[in-house]
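Here are my notes on the model you sent, set out as numbered points. Please read them with the coordinates open beside the text.

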Amino acid sequence: MRKPKVSSCPECGKTDAVVPILYGYPTDEAMAAAERDEIVLAGCMVGDLDPSYYCWRCLIAFEYARQLA
Ligand SMILES: [Zn+2]
């Protein structure tokens, strides 16, 4: 599986620990990717904000759609 394109983390400035956050009902492929820590499923972390990416190194979510709008 090709690495998805992601933004760099605002904390560490790198992309190697950054994964996309997926919203909505996950497909089988998405579930498998989440088990490999290649993406984060938003089901357990939906709040008032909708971050697009998550950094495993800094343990933060970032790039909020509402801030970009
Ligand atoms: Zn980071």
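1. D37 has a relative accessible area of 42% and is therefore partly exposed, since that class lies between the limits of 20% and 50%. In this predicted model, D37 sits in the loop between α1 (28–35) and β2 (40–41), and its phi is positive, at about 60°, although the residue is not a glycine.

2. L59 also deserves a look at its backbone, for its phi is near 60°, a positive value in a residue other than glycine. Which loop holds L59? The residue is found in the loop between β3 and β4, and with a relative accessible area of 55% it counts as exposed, because the class begins over 50%.

3. The zinc ion is coordinated through the SG atoms of C9, C12, C55 and C58, at distances of 2.2 to 2.4 Å. The angles among these four donor atoms run from 104 to 115°, and the site is tetrahedral; anyone setting up the metal centre may want both ranges at hand. Although the site is built from cysteines, the structure holds zero disulfides.

4. How are the donor residues of the zinc ion spaced in sequence? They follow the pattern C-x2-C-x42-C-x2-C. Within this set, C12 and C58 link distant parts of the chain, being 46 residues apart: C12 belongs to the segment before β1 (18–22), whereas C58 belongs to the loop between β3 (51–55) and β4 (60–64).

5. Are the donor residue C9 and its partner C12 buried or exposed? C9 is buried, with a relative accessible area of 2%, whereas C12, at 24% relative accessibility, counts as partly exposed. C58 is likewise partly exposed, at 27% relative accessibility. For these values the cut-off matters, because buried means under 20% relative accessible area, with only protein chains taken into account.

6. As for the fold as a whole, the protein has two helices and four strands, which follow one another along the sequence in the pattern β-α-β-β-β-α. Among the contacts with a separation of 6 or more, 43% are between residues 24 or more positions apart.

7. On the surface, the protein exposes about 5000 Å², of which carbon and sulfur atoms supply 52%. Of the 69 residues in the protein, 29% are buried.

Conventions: Residues numbered from 1 in each chain as written. Predicted model: local features only at pLDDT ≥ 70, side-chain atom pairs only at ≥ 80, totals over all residues. Heavy atoms only, no water. Buried < 20%, exposed > 50% of the residue type's maximum accessible area, 1.4 Å probe, protein only. Contact = heavy atoms within 4.5 Å. Areas by Shrake-Rupley, 256 points an atom, 1.4 Å probe, with all protein chains shown as cover. Donors = N, O, S within 2.8 Å, 3.2 Å for Na, K, Ca; no water. Tetrahedral: all angles 85-135°; square planar, octahedral: opposite > 155°, others 65-115°. Disulfide = S-S within 2.5 Å.
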